[in-house]
Structure formats: structure tokens, C-alpha cells
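Subject: Handing over the structure

Dear colleague,

I am passing on to you the structure that we spoke about, together with its sequence. Please open it and look around for a while before you read the notes underneath.

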Amino acid sequence: MADIYNAELKPGKLDVISAWLTQQAWAAEADVAPDSLKTISSYRFDDPAGEVGAEVHIVAAGDRVFQVPLTYRGAELAGAETYLISTMEHSILGKRWVYAGMGDPHFRQRLDHTIATAGTSAKQYRVDDEGNKVDEITEVAHTWGTGPLAGAEDVQVLYELNLNSPAEGSDAGLLLGRWSGQEAPVVLAVMV
């Protein structure tokens, strides 16, 4: 489960996402300025220790749809300097270090675990400033794994999504997802 505070973030998430997208060759020629990006949905993976936020943002830049995995940490991640995108001030939790998700071992482990165990994305709850649950957030993407793929050694996130080519069947080694307005499952990640 993931607890979501009603907090002010500086810089905001779309600013952080935009900064990362502008550095990706596969996002070339897309207008990824913060005010041009449209938030479609998001999903999170659970951290049993409650220390690392692992969130994936699904955003549109014109007619292109990207997913951007991020992790939020309360301290720097040793050895991950090249994956540090930004720091941000969270009005309740304080300074957060924001990493590109696939460069954070925690994110990769949670993604792999979700696929291999046919698990799902985390339930999300709004919490008050003291951390008490207020209500469940249901307007997020629902994602699920399809089970392990024999012989797979790694997992890859599909950064640009093709919403017109939804997943068929239940092939092993996939992370699938859907959200409001996208009822047919879309492949989000694959074991390779």
C-alpha cells in the first residue's frame, strides 16, 4: 500500500518528469515541456519497509504517450549519481531525492517481483499530515503481472506506450495495465 500526502512539492512532479524526458533520445521531437505534458494516470509499487516511494507516471506529449518510473528517497542512494534526476522539497516529508526508476535497485526489484508473482500495483491512500488514512485513491492505473517467464534474466520498462496495440491473452513475463479511458490492457514492461 502507498500513503499519499496532500503536500506541496518543489519542483513539481511534471517539472521533474519533463527534465528527465528532455534527456531521452527516444522522446526526441516530442514537446515535453512541463506545461505541454498531460497527466494520464500513475501507479505505484509497494515498499514493505515504507522507505522508498516507487511511482510510475503515464503522461501524454501530444499524441505520444510515455511512462516515467521514478523513486523518491529520504536520502541519497550511494552509487546512483547518474540516475539522480532532481531533489525536491516535500512540505511534509522534507527533502526527497528523485531517481530514474530503472536505475534504482528497489524499483527494479519491485517491478520484477510484481511480474514474477502475478502481483498488482499498490493500493493508494490519501493520508492526513499525521499519516492517518483518509480514503483510498481509485483514480489510478491498475497494473498486474502475468507470472514469471522461464529463462528471463532482466526486466525492461516500455517507456513509450502504444495504446492502439493492447495486449492479447496472458503471456508470461509481462506487466499489464489499464486506467480510466484505457479499458483494454496495455503492455507496460516485459521480462527478457
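What follows is an account of what was found, starting with confidence and going on to the cores, the rings, one sheet and some points of the backbone.

Please keep in mind that this is a predicted model. The mean pLDDT of the protein is 91, and 97% of its residues reach 70 or more. Confidence is highest in strand S5 (residues 64-73), at a mean of 97, and lowest in strand S1 (residues 2-5), where the mean is 71. As a general caution, predicted coordinates should not be read in detail where pLDDT is low.

Let me turn to the interior. In soluble globular proteins, nonpolar side chains tend to be buried together. Here the largest nonpolar core has 21 residues, and those with the most contacts inside it are Tyr43, Phe45, Phe107, Leu111 and Leu175. Which elements give two or more residues to this core? They are strand S3 (38-45), strand S4 (53-61), helix H2 (105-116), strand S11 (155-157), strand S13 (174-179) and strand S14 (182-191). Phe45 is a useful residue to select on your screen, since, with residues up to four places away in sequence not counted, Phe45 touches Ala54, Val56, Phe107, Arg110, Leu111, Thr114, Ala122 and Leu175. Another core, of 17 residues, lies apart from the largest one, and among its members are Ala27, Val32, Phe66 and Met88.

A further residue to look at is Ile17, which is placed in helix H1 and is buried, with a relative accessible area of 0%. When its neighbours within four places in sequence are left aside, Ile17 is in contact with Leu37, His57, Val59, Val68 and Leu70. The C-alpha atoms of Ile17 and Glu55 are separated by 12 Å, and these two residues are 38 apart along the chain.

Next come the aromatic rings. A pair of aromatic rings is described by the distance of the centres and the angle of the planes. The structure holds six aromatic pairs. In one of them, the rings of Trp26 and Tyr159 have centres 4.9 Å apart and planes at 10°, and because planes under 30 degrees apart count as stacked, this pair is stacked. Trp26 lies in the loop between helix H1 (13-21) and S3, while Tyr159 lies in the loop between S11 and strand S12 (160-161), so the pair ties together parts that are 133 residues apart in sequence. Trp26 counts as partly exposed at 29% relative accessibility, and Tyr159 is partly exposed as well, with a relative accessible area of 21%. Ring pairs also link Trp20, Trp26, Phe66 and Tyr159 into a cluster.

One sheet can be followed strand by strand. Four strands form an open sheet in the order S10-S13-S14-S11, and their pairing is antiparallel. Strand S10 (142-145) and S11 stand at the edges, each with a single partner strand, so one side of each is left without a neighbour in the sheet. From one strand to the next, the twist averages 30°. S13 and S14 are joined by five bridges, whereas S11 and S14 pair over three. Val190 in S14 is a good place to see both pairings, as Val190 stands opposite Gln156 and is also the bridge partner of Leu174. Is S14 largely enclosed or largely open? Seven of its ten residues are buried, so S14 is largely enclosed by the rest of the structure.

Finally, there are some backbone angles to check. Most residues other than glycine have a negative phi, and most peptide bonds are trans. The peptide bond from Lys10 to Pro11 is cis, with omega near -5°, and Pro11 is found in the loop between strand S2 (9-10) and H1. Glu29, in the loop between H1 and S3, has a positive phi near 70° and is exposed, with a relative accessible area of 86%. Ala118, in the loop between H2 and strand S8 (124-127), has a positive phi near 55° and counts as partly exposed at 42% relative accessibility. Gly181 takes a positive phi near 90° in the hairpin of S13 and S14, which has two residues between the strands.

With best wishes

Methods: Residues numbered from 1 in each chain as written. Predicted model: local features only at pLDDT ≥ 70, side-chain atom pairs only at ≥ 80, totals over all residues. Heavy atoms only, no water. Core = buried A, V, L, I, M, F, W, Y, C linked by side-chain atoms within 4.5 Å. Buried < 20%, exposed > 50% of the residue type's maximum accessible area, 1.4 Å probe, protein only. Contact = heavy atoms within 4.5 Å. Phe/Tyr/Trp six-rings, centres within 6.5 Å; stacked < 30°, edge-to-face > 60°. pLDDT = per-residue confidence, 0-100. Pairing = 2+ DSSP bridges. Axes fitted to C-alpha atoms, helices over the stretch in contact; angles between N-to-C directions.
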